[in-house]
Amino acid sequence: LGAVRGYDNGLGERPNMGWNPWNSFYCNVNETLIMQAADKLTETGLAAKGYTVVNIDDCWAETWRLPNGSIVVNSRFPSGLKHLADYIHSKSMKFGIYSSSTYQTCQFQPGSLGYEQIDADDYARWGVDFLKYDDCNGQAGYSYPEKYSRMGQALNRTGRPIFYSMTSGGNLIEKIGSRTIRNIANSWCNFQTGDFMDNWPSFIDHLDVEPGQENFGGPYGWNNPDMLQVGNGGMTDDEYQTHFVMWSLLKAPLVIGCDIRNMSARTLEILGN
């Protein structure tokens, strides 16, 4: 099986920066929320500082597909994802979406396994710029390099540059291999302890696995210790400052995970540092 090289799409010279609703909203997402987040990134000046990718995580799709295989956007996004992408692009930002390398996403919506090209073509048609690609609800008989490479190749065949970020419930460097992984995507999770939760022990757990892995990440292929928890309320401001500084030193993607519509002045200061 051939593998897509992350640098083949010309993306990922620097770690991605943006916003994702999962840490603060989980499945409670809708069109209005995503638009308001895009507005706030612009109003606060965070977009000008590099936070330019506005993502939807899980829960944007129906649980079924059309007869032609296309995934169906649910009623939380009544104007459709092309409209949402156009709105975000009008603010000179990029639009990100979520799927899984298995038959179902973490929230039991359709995954992309077996539908990689159909989904990738739909993403390109909608104007998607970023894909977070998960690994939920079963391996389904495919090796990690194979199932992640299938989507990487499909994205490249669309002809649209789409930043490809792989995530999983474990360290993908170990599951795929440090040499191979750079040939598959622009970014990958490299933590072993599950999702990074909004507390200090979880921060330490995620930080402890980083030594020895720093050389695996660099231009066009970045280690991802998980999304930021800054501003979500489970740690002190000083702890959040430490968390943010360490992610920056690790050259990690900086993906805001708080409700930026209602963040404190101190949270904005940390994120904008």
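Which residues are buried in helix α3 (residues 81-89)? Keep that question in mind as you look through these close-ups of a predicted model.

**Close-up 1. The buried residues of helix α3.** In α3, the buried residues are Leu81, Leu84, Ala85 and Ile88. These four lie on the same side of α3, because the arc they cover around the axis is only 100°. Their packing partners are easy to list: the buried residues of α3 pack against helices α2 (31-43) and α4 (116-126), and against strands β2 (53-55), β4 (71-73) and β5 (94-100).

**Close-up 2. Helix α2 beside helix α3.** Here the axes of α2 and α3 come within 10 Å and cross at roughly 10°. That angle makes α2 roughly parallel to α3. From α2, look for Glu31, Ile34, Met35, Ala38 and Asp39, which meet His83, Leu84, Tyr87 and Ile88 in α3. Sorted by class, the residues of this contact are six nonpolar, one polar and two charged. Two residues in this view may look familiar: Leu84 and Ile88 are also among the buried residues of α3.

**Close-up 3. The buried residues of helix α4.** Now move to α4, where Glu116, Asp119, Ala120, Asp122, Tyr123, Ala124 and Trp126 are buried. The buried residues of α4 pack against helices α3 and α5 and against strands β3, β4, β5 and β6 (130-134). Just after α4 comes glycine 127, with a positive phi of about 95°.

**Close-up 4. Helix α4 crossing helix α5.** How far apart are the axes of α4 and helix α5 (residues 144-157), and at what angle do these helices pack? The axes are 8 Å apart, and the angle is about 40°. With such an angle, α4 is oblique to α5. The crossing of α4 past α5 is right-handed. On the α4 side, the contact is made by Glu116, Gln117, Asp119, Ala120 and Tyr123, and on the α5 side by Arg150, Met151, Ala154, Leu155 and Arg157. These residues divide into five nonpolar, one polar and four charged.

**Close-up 5. Helix α8 alongside helix α9.** In this view, helix α8 (residues 200-208) and helix α9 (residues 237-249) have axes 11 Å apart and pack at an angle of about 15°. α8 is therefore roughly parallel to α9. Their crossing is left-handed. Try to pick out Trp200, Phe203, His206 and Leu207 in α8, which meet Glu239, Thr242, His243, Met246 and Trp247 in α9. By class, five residues of this contact are nonpolar, three are polar and one is charged.

**Close-up 6. Three loop residues to find.** Start with serine 92, in the loop between α3 and β5. Its phi is near 60°, a positive value in a residue other than glycine. Is serine 92 buried or exposed? Serine 92 is exposed, with a relative accessible area of 66%. Next, find phenylalanine 108 in the loop between β5 and α4. Phenylalanine 108 also has a positive phi, near 65°. At 48% relative accessibility, phenylalanine 108 counts as partly exposed, as it falls short of the 50% that an exposed residue must be over. Finally, proline 67 sits in the loop between β3 (61-65) and β4. Proline 67 is exposed, with a relative accessible area of 88%. From proline 67 to leucine 254 the C-alpha to C-alpha distance is 38 Å, and the two are 187 residues apart in sequence.

Conventions:
Residues are numbered from 1 along each chain as its sequence is written. This is a predicted model: local features need pLDDT of at least 70, side-chain atom pairs count only at pLDDT 80 or more; totals for chains, interfaces and linings use all residues. Side-chain values use heavy atoms; hydrogens and water are left out. Axes are lines fitted to C-alpha atoms, for helices over the stretch in contact, and angles run from 0 to 180 degrees between N-to-C directions. Angles under 35 degrees count as roughly parallel, over 145 as roughly antiparallel, 65 to 115 as roughly perpendicular and the rest as oblique. A crossing is left-handed if the near helix is turned anticlockwise from the far one by less than a right angle, and right-handed if clockwise. Contact means heavy atoms within 4.5 Å. Ala, Val, Leu, Ile, Met, Phe, Trp, Tyr, Cys and Pro count as nonpolar, Asp, Glu, Lys and Arg as charged, and the others, Gly among them, as polar. Buried means under 20% relative accessible area, exposed over 50%, partly exposed in between (1.4 Å probe, protein chains only). The arc is that of the directions from the helix axis to the C-beta atoms.
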